[in-house]
Amino acid sequence: MDNQESIYELPGDLEDEYTEILHQSKHAIVQQIISKGHVTEKDKWLIQEHAEWVMIVQGWAKLEVEGKKYSLKQGDHVLIQGSKKHRVTETSSIPECIWLAVH
């Protein structure tokens with residue numbers, strides 16, 4: 001392994017949600033997201049043209065996708081289809097919520 005790193009090494013300041021691209025190719029992007037109580041702004045929806053698979057590595061999160069609510073804990077994952085409105089309604093702060101996203 002050329003660039004060994006740990007997904008559990010957290011940045012010092014998590015005032016804002018942290019995102020880092022771990023791998024990118026012409027077919028996919030693998031992204032680490034760290035939330036510490038961060039949520040989507042009230043009354044705002046995220047809409048992406050591409051599908052996104054997310055998994056909780058640590059902590060927990062609550063999502064809403066097209067009116068369906070998900071409570072995710074460590075090891076849980078969900079596929080958000082492209083063009084579907086979605087939002088993060090809650091995330092853990094202790095421990096921080098660590099996500100892996102592939103899109």
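Contact here means heavy atoms within 4.5 Å of each other. In this predicted model, V54 makes a handy starting point: leaving aside residues up to four places away in sequence, V54 touches L63, D76, H77, V78, W99, L100 and A101. V54 also belongs to the largest nonpolar core, a group of 13 residues, and sits with I56, L63, V78 and W99 among the members that touch the most others. At least two residues of this core come from each of β3 (52-58), β4 (60-65), β6 (77-80) and β8 (97-102). A second core, separate from that one, has six residues, including L14, I34, V57 and L100.

Turning to the strands, β5, β4 and β7 line up in that order as an open sheet with antiparallel pairing. Because β5 (68-73) and β7 (86-91) each have a single partner strand, they stand at the edges, and one side of each has no neighbour in the sheet. From one strand to the next, the twist averages 20 degrees. The antiparallel pair β4 and β5 is joined by six bridges, and V65 stands opposite K68 in β5.

The loops have some backbone details of their own. Between β7 and β8, the loop holds P95, and the peptide bond leading from I94 to P95 is cis, with omega near -5 degrees. D43 is not a glycine, yet its phi is positive, at about 65 degrees; D43 is placed in the loop between β2 (29-35) and β3. Exposed means over 50% relative accessible area, so D43, at 67% relative accessibility, counts as exposed. S83, in the loop between β6 and β7, is another non-glycine with a positive phi, of about 70 degrees. With a relative accessible area of 51%, S83 is exposed too.

Technical notes: Residues are numbered from 1 along each chain as its sequence is written. This is a predicted model: local features need pLDDT of at least 70, side-chain atom pairs count only at pLDDT 80 or more; totals for chains, interfaces and linings use all residues. Side-chain values use heavy atoms; hydrogens and water are left out. A nonpolar core is a set of buried Ala, Val, Leu, Ile, Met, Phe, Trp, Tyr and Cys residues joined through side-chain atoms within 4.5 Å. Buried means under 20% relative accessible area, exposed over 50%, partly exposed in between (1.4 Å probe, protein chains only). Helices (H or I, at least four residues) and strands (E, at least two) are DSSP runs, numbered from the N terminus. Two strands pair if DSSP finds at least two bridges between them. Axes are lines fitted to C-alpha atoms, for helices over the stretch in contact, and angles run from 0 to 180 degrees between N-to-C directions.
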